Each structure stands twice: as C-alpha cells, then as structure tokens.
Amino acid sequence: MLSRRDFLKLTSLITASAALASCAPVYRRLTGDLTTSRWTPLDAHDFLVLNRLTFGPRLEERARFAEIGLQAYIEEQLAFESISDFECDLLLTPFKTLQMEANEIEAATNQLFDGYDRQRPANELRQATLLRQIYSKRQLYELMIEFWSDHFNIFIEKGNCFYLKTVDDRDVIRTHALGSFRDLLWTSAHSPAMLVYLDNQVNEKSHPNENYARELMELHTLGVDGGYTQNDVMELARCLTGWTVKEHFWLGDFVFKEDLHDPREKRVLGHTIRASGQQEAEDVIEMLVTHPSTARFIATKLARRFIADDPPQAIIEKAAQVFLRTGGDIKAVLNTILLDGMPLARPKYKRPANFMTSALRLTNAGTDAALHDYLLRMGQPYFNFPTPDGYPDVSEPWQNNLMPRWQFAFALMRNEIEGTKSHLPELLDVSSTGILEEDVDTLTSLLLGSPLERNARDHLLTTIRSAGASPEETLPILAAGIIASPAFQWR
Amino acid sequence: MLSTFTHTLPILQQESNKTWMPRLAFAPQNTAPRGDTLVVIFLRGAADVLNMVLPHGEDAYYQMRPTLGIPRPDDSSAKKADRAIDLDGFFGFHPSMQALLESWSSKQLAIIHACGAPDESRSHFKAMELMERGVDDERGPASGWIGRHLATLNTGNSSPLRAVGMGTRPQRSLSGGVPVSALRSIADFHLGGDARLLQQMRAALSTVYDGDVLGQETLSMMDTLESLDPSAYSAAHSATYPASEFGLALKQTAMLIKAEVGLEVSAIDVGGWDTHFAQGSVLGLMPNLMKDLAEGLAAFHADMQEHMQNLTVVTMSEFGRRASENGSLGTDHGHGSMMMVMGGHVNGGKVHGEWPGLRDGQMIGPGDLAVTTDYRDVLSEVIMQRLNNQAVDAIFPDYSPRGIGLLT
C-alpha cells in the first residue's frame, strides 16, 4: 500500500500539474497540445455545452471539441470503450476494495480480522468516484455513472450497504451505465445493496414489505403518475417475496428463497402473474422496461440532467420514442437528447460535487480527492443521500448555500486543502506574457470560457489590491473570487 | 461602477431575464409588525405517529400491532418504563417521548391527531412536495407555503436571517419568498484566515457578488454571525440539547432568537422516519428518533421559557404509516399523521381533532388512519393568529381553512 505521501507524488506526476516543468511531455499527454500560446476564448454557448458534456472542460477537451464539432464529440464520448483511460486507472490502483466480491469486502471490514476498517469501502468508493470524474477521459460515461447513481440511489449508511454498495457501483451502475436499461434495471433489482437499502431482504410471504416494490415503480421506472396503484405496489411486493441476500456462505450475494416466497397468483398492472417463483418479479421487470411511462420518465430525467431544468417536451417525446423502439438502448436515447438538446441547453446551477470537480479540473489541480468533508458541508456527500429519490437535479435547491463553496474556493487557491495542490503560476506560465492583466484574462477564459469585460477585470484587480493583497497574493485571491462568483456556479 | 459578474459575463448576460433566475414571486400585500418566531420541524420519511401518540384506548391498535404495540399505561404485565404514558385516558406518549411531559403539563404543547393532507399517493416525494408547497396538486404555485407567508407580509425586517433553513439545502417550504440561506453551523460560517486575508477575500466576494441578492445576503449573514460565539452559548434553566444534528439546529435557533438578529422562521429537518424494517417497539431505531425529538423539544422549551410568548413550534410529517405492523417489525406507508404545536399561546395539554378510529370501515385504503383535520387548518390558524398574516388565501390557494381552536 502506498503511503499518502507517495500517493500524492504519484497523483501529481500523473496529473502532471504544470508545476513539474521537467515533465512537460507527460503534461502534454494529459492536457493536450500546449503549443497554443493562449487559452483560446470559447463561444459562451459552446462553453456551456462542454460544461454539460464534462465535469468542467480541460484544455484538451476544448481543443477536441473545436476540432471535431458537437456530433463527432458526442459519438467519440459515447464510444467510451475505445477511449484509453490508463492514467486514471492507475490512480485507482490503491483502492483494492473496488475489485473485491462482497464477502471479501466484508472480511476487510470485519473486526475478526487484523487490519479491519469499517470505513474503508465507503471511503475508497467516494475517492474513486471523484478521481474518475476529475481524471477520466471518459467524461460522458462518468456523467452517466453519476446520473444512474442518483436514479438508483443507495444510502451507504443503511445496514450492510456500507460494503455492498461497492459491488452495486461496479456490477450494476458502471457495467450498464451506457448499455441497455433493461440490463441496468435487472441487475439493480438483483443487487444486494438495493435489496437491503429498500428492505426487500426482509420481504416475506407471511408479511410482505412494500418498500422496494413501490420505489421500483415510482422512482426506477414508471414515475409517480405513471399509472400504477397502491394495489399494484402490494401485488408486486408479493412477487418480490423471497428476493434476499445470503448471510453465510458467499455472504452478500443475491439469493431467492423459495420458502419465503408467496406462491399465490398475483395481478400487477392488469396482468395476471402465475406462480413461477423468482421469475414472477422478473416478468414484471420486463413489463416495466417496455412500459411507455418508463420511457417517458427516463427520457425526462435525462433531458433534465443534460438540457435544462425544464427541458423541451418535443425532445422528451422523441427520446421516449427512441427508448421504446430500441428497447431501452441508453446510448441511443442519450444521443438523441444530446444532439437535439445541446443547441437548446440552458444554464443549470452546479451541484456541489460538480462545483468542486470543475474547479479542480479547470485549475489543473492535483488531488487525492479525499474531499468528503467539503461535500458534506456543501450538501452533496456521495452515497449519503438517505432517501431513494437521489440528490435533486434542478437548480433551485442548491442555490442558497454559498458559504461552503466560498470556503472551498479560497482554500483551493491558497493551497490549504490537504492532499490537493493547485499550481496557478505554473499553469499560467504556459502562456504568460508577464503582464498581470493578461494573466487574468487567461485565467478567466480558462475558468469561465472567455475573459472578463475589461472594466470588470480592472475593477476586480483594483479592489483586491486596495484590500492590501501583495503581487503574489493577488492572482490566487482573484482566481478564488472567480471560482466563488455567481458565474462559476452555473454550468 | 458597474461590475456585476452576473451581468458582464456573456454566459449569464443573455439569461439575466429568464425564468430560472431566482426572483421574488409576490409583492407584499400587508404591512404588520412581525408576530411569533416560527420553528417548523419536518419529520422526513413519514413518521409512525401511531407509536408516538398512541391510542391505548383502542383494542384494534393492539390487535394490529402485536409486537410493536406499546403496553397500556395500566398494563401490569409490562414494566412501568415500557408502558405508554397516559395523556387523557385514551391517548398516550410512547415512553421515549417522556421529555415532552413538562410542556404538555404546562399546557404549552398541543397534539392534533389524525391530521394530514388529502394526497393518497403514499409516495414520500409527492406528498412532501405538495405539503411543502401547501397545494392539492401539481397545478398549484411552485413556491413554498412559508415562502408565500414571508412574501405576503411586510414586517419591515430586512435581516438576512429573517428565514433560515437549518442544514445544507433550504426546505422547499421556504422557497419563492425572500432570499433564504442554509445554515448548517454558526461556528463554521466564516471564511477563516487572519484579518488581512479576510479583507482581501471579502473585497473579492463583494465585487463579484455586486448586485446579487443571495451573495450579498451571505456576506451580511457572515457579518452578523461573526458577533456570535456559539462555543460560549449556555442555555437557560440548565437545558441540555441532545448532541445530534437536530439538537444543534434547535440550539442555533435559540441562539439566533436571543441574539435578536431578525429571525422570523427557522425550518429544521429530521430524517430517518421511514421505518419499514425493525423500527423497534419500546427500544430501537424509532424510539431513538423519538427520544432525540422529545429531548430536543424539551430542551428548547426550557431554554426559551422567557421567550415562549413569542414562539410557535410546529412539527409535521408527510403522512402516517400503516396501522398494522408488517412482518419485518416495521410499518409500511399509510395516510393519517399527527402534528404537534408548542408555544406560549397554544391551547395545550390537549389532543385536538376528531379520532376516526382504527376498526374496519373506519380506516381508509389498505388499512390506514383517516385524516380528519387538514394540516392547513393548523398552519392557517398559526399564520393568522400568531404571525399576523391574514393572507392565507394566497398562502394556501384553493383551500378554505376551518378553525380548530388550537390557539388561545
């Protein structure tokens, strides 16, 4: 196991912050061709679109987008398997629990064994999630991971989810994020973490528990007005009796227990479900996947995530049709939403994690991503949302908690975050003319897409200087001010 | 000099007049001096009120809850500490709610049972949304009922702390009125650094937030809160707040009220009430939640004794839970809930509302407590009589509240 110090060294080497001037070739490999003398200003809408397709566009992404255009850029990102992610994968090697089976992770947290650590799986998963968002070249894929992690939200602190979520993240979310919705839903329904989180592991014939059955229809497929009734919830709960989790050998794996299953006939959504054990609920899952309400519900949520809080109905309809026609091919649906939707994309308020990742990416900071406490204060600690609806995906709920964002912005630029290092002067060195005003223009076009209006820039500089900032202090304070500013909160 | 970063930046310039920009939804209709400070506590997840204030006079309760049911106050087969605490011969507190007896006995705590909303979706998210918006269905206004209360009453109070959402996201109920900030911790609400650095950071922030309502409000909150010293706070009458997030939220509310910084509304969430599994009868998951709730409220009641004449505390939840326990020692989603109202002008020591009963034919849906008092009846009375706002038709559109005699 690497020490934290070694790990940081590795991180900064691989992310090749420009600080390591001697590592220029590595740096180029990650951030694109730096022969460009200035950060080319970007059209405002293009910057918005790139912010929607990434966790905050790095220079290489800006260059690629400018080179090949929206359609080809989307195609390239959708074909994520063809994008090499070696550097990012390397960063994840210390996190051994990511590749373990449930019983192995459990053993790593079990006090019967030496060196156990109950917090380890959650910490590793959280760090890995942020590291991938920050360093992966498969940005659209990682955006979809975030989307489905909200859609199939699991509260990691509930029961054994503290180690089962790692398996769910890998085998459900990451395996099917850009695959077929049917497979995604199917594996989610068989996922021990989900069954524990929504109490289906105690859903038994003598006393059905409705929790998972309800959310399976309300939140995962049909939507609350999608056409199911309280009776459908109770009947589906009966179909799901006996779907539970192994407690001994291969503990933490899915198991169907026939003796806990209610074999009587059920009626769900107008269909009679005949006694067939585990297959009953699986038949319902197939019904839910092809239900028009599901297509609409998923299309609406995707459009809200990628286009606008209140996305155009016509695009939702079209995407829902694609969903139905392709049997829930997520790539095809997403492609429709992005191609038709990006020209109509409207600003959305950054959720806290996205605020953080965009600040880190755009300033090319090196980080070990152990940033959970900051997310906690901002209100979006990953895998810690208690209710199954996932973190809100519209702007309003996030707009009223500025203080922790300001704290993060200043801490980042002043290098006060342990495990995270920004290299502003070196970053600007790439194109610096040595004139402060021009460095500020470079910095703002880096962070906001294009430079500030001249008057605004000069006013900001004057204000900071007259508040007593020395020449070395001016740029970090100014950069933090931009990151803390209203403009940077929108994407 | 114009240098508002919301307007000079091209990305936001074109959007500055669009609907997604936060804006005030209403012009104030009335001018009146401010009334009580309102504390709204929302029990997220549909609290099992039938085990909080339980009908020990109903045989059906014990038939439907063979393991979760709390023994009658006079049930000599159970230990005294495990029995319900009788309130009026029919209802009783769960033993974990014992801390509330003092405010109950001093008639500053009222209970409204079988109270709730008409929505029967049994969906947490739909029910919470409709309740926080104070509407019957999606067609109603998108703002929240507290937001509309604040927006329709001009109390001459421009404090950035007029309304506070304790936590990291202000509650939906607060939206659409005046600017509202989330406040997780008074102690953490600062930028850090020495005086010199602070001056630089502040200069940068006030420039980039020039003309931005929320940003200015946050800066002004920072200035106000700087003068408070949470570590030096000592509660009156030896009150001890629980060491929980809820305890901290109440303690911070008390601190803000005593510091007279203009607080009119404090909204507090308490999560964890969605108890489908192993909720516990006398001890366990839900009794721990009840204990935290009761001890928090009791500490607040003691600490704020001298302020009770200007305080109203309301607790609510999106719906109740199934009368019958499920097989996993928990309860599934139900309908009728309960509210508690604490304050110096409450007709307390009394369970209000008509009890619909728990026998077949008295319940609704799959066996759920019926609703006999709409939650808006309770809130309307508080708004009109204690908050000096008569605009309930704007706050609860399409609803005509009934008087229930909750306040004195």
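1. Two strands count as paired if DSSP finds at least two bridges between them. That rule is needed for strand β2 of chain B in this predicted model. β2(B) and strand β10 (residues 265-270) of chain B pair in the parallel sense, over 6 bridges. One of the positions on this side is B:Val39, whose bridge partner in β10(B) is B:Ser266.

2. β2(B) also has a partnership with strand β11 (residues 311-317) of chain B: the two run parallel and are joined by 7 bridges. Here B:Phe42 has B:Met316 of β11(B) as its bridge partner. As background, strands of a sheet pair through backbone hydrogen bonds, and the pairing may be parallel or antiparallel.

3. How many of the residues of β2(B) are buried? The strand covers residues 37-43 of chain B, and 7 of its 7 residues are buried. In a regular strand the side chains alternate between the two faces of the sheet. On one side of β2(B) lie B:Thr37, B:Val39, B:Ile41 and B:Leu43, and on the other B:Leu38, B:Val40 and B:Phe42; both faces are covered.

4. Chain B also has an open sheet of 3 strands, with the order β3-β5-β4 and antiparallel pairing. Its edge strands are β3 (53-55) and β4 (85-86), each of which pairs on one side only. Between β4(B) and strand β5 (residues 91-93) there are 2 bridges, and these strands run antiparallel. B:Ile85 has B:Phe93 in β5(B) as its bridge partner.

5. B:Asp86 belongs to strand β4 of chain B. Is B:Asp86 buried or partly exposed? It counts as partly exposed, because it has 15 C-beta neighbours inside 10 Å, while a buried residue needs 20 or more. Leaving aside neighbours within four places in sequence, B:Asp86 is in contact with B:Pro73 and B:Gly92. B:Leu101 is 15 residues from B:Asp86 in sequence, and their C-alpha atoms are 10.0 Å apart.

6. Helix α6 of chain B, residues 145-152, is largely enclosed by the rest of the structure, because 8 of its 8 residues are buried. The buried residues include B:Trp145, B:Ile146, B:Leu150 and B:Ala151, and also B:Arg148 and B:His149.

7. Two residues of chain B deserve a check of their backbone angles. Most residues other than glycine have a negative phi. B:Ala114 is not a glycine, yet its phi is positive, about 55°. B:Ala114 sits in strand β6 (residues 109-116) of chain B. B:Ala114 is buried, because 23 other C-beta atoms lie within 10 Å.

8. The second of these is B:Ser238, with a positive phi near 50°. B:Ser238 is in the loop between α8 and α9 (245-258) of chain B. Which is B:Ser238, buried or exposed? B:Ser238 is exposed, because 9 other C-beta atoms lie within 10 Å.

9. The domain assignment splits chain B into domain 1 (24-186 + 230-395) and domain 2 (188-227). The centres of these two domains, taken over C-alpha atoms, are 34 Å apart. Their contact takes 9 residues from domain 1 of chain B and 10 residues from domain 2 of chain B. On the domain 1 side, the residues divide into 6 nonpolar, 2 polar and 1 charged.

10. The contact between the chains takes 54 residues from chain B and 60 residues from chain A. Elements of chain B that give two or more residues to it include α1 (5-8), α5 (124-133), β9 (181-183) and α8 (213-226). Which element gives the largest share of the chain B side? That is α7(B), with 9 residues. The chain B side as a whole divides into 23 nonpolar, 22 polar and 9 charged residues.

11. In chain A, helix α7 (residues 120-135) packs with helix α9 (residues 161-176) at an angle of about 35°, and their axes are 7 Å apart. The crossing of α7(A) past α9(A) is left-handed. From α7(A), A:Pro121, A:Ala122 and A:Leu125 take part, and they meet residues of α9(A) that include A:Phe162, A:Tyr163 and A:Asp169. The residues of this contact divide into 5 nonpolar, 1 polar and 2 charged.

Methods: Residues numbered from 1 in each chain as written. Chains lettered and ligands numbered in written order. Predicted model: local features only at pLDDT ≥ 70, side-chain atom pairs only at ≥ 80, totals over all residues. Helix = DSSP H or I, 4+ residues; strand = E, 2+ residues; numbered from the N terminus. Domains from an automatic or database assignment. Contact = placed C-beta atoms within 7 Å. Nonpolar A, V, L, I, M, F, W, Y, C, P; charged D, E, K, R; others polar. Buried ≥ 20, exposed ≤ 12 C-beta atoms within 10 Å, placed from the backbone. Axes fitted to C-alpha atoms, helices over the stretch in contact; angles between N-to-C directions. Left-handed = near helix turned anticlockwise from the far one by under 90°.
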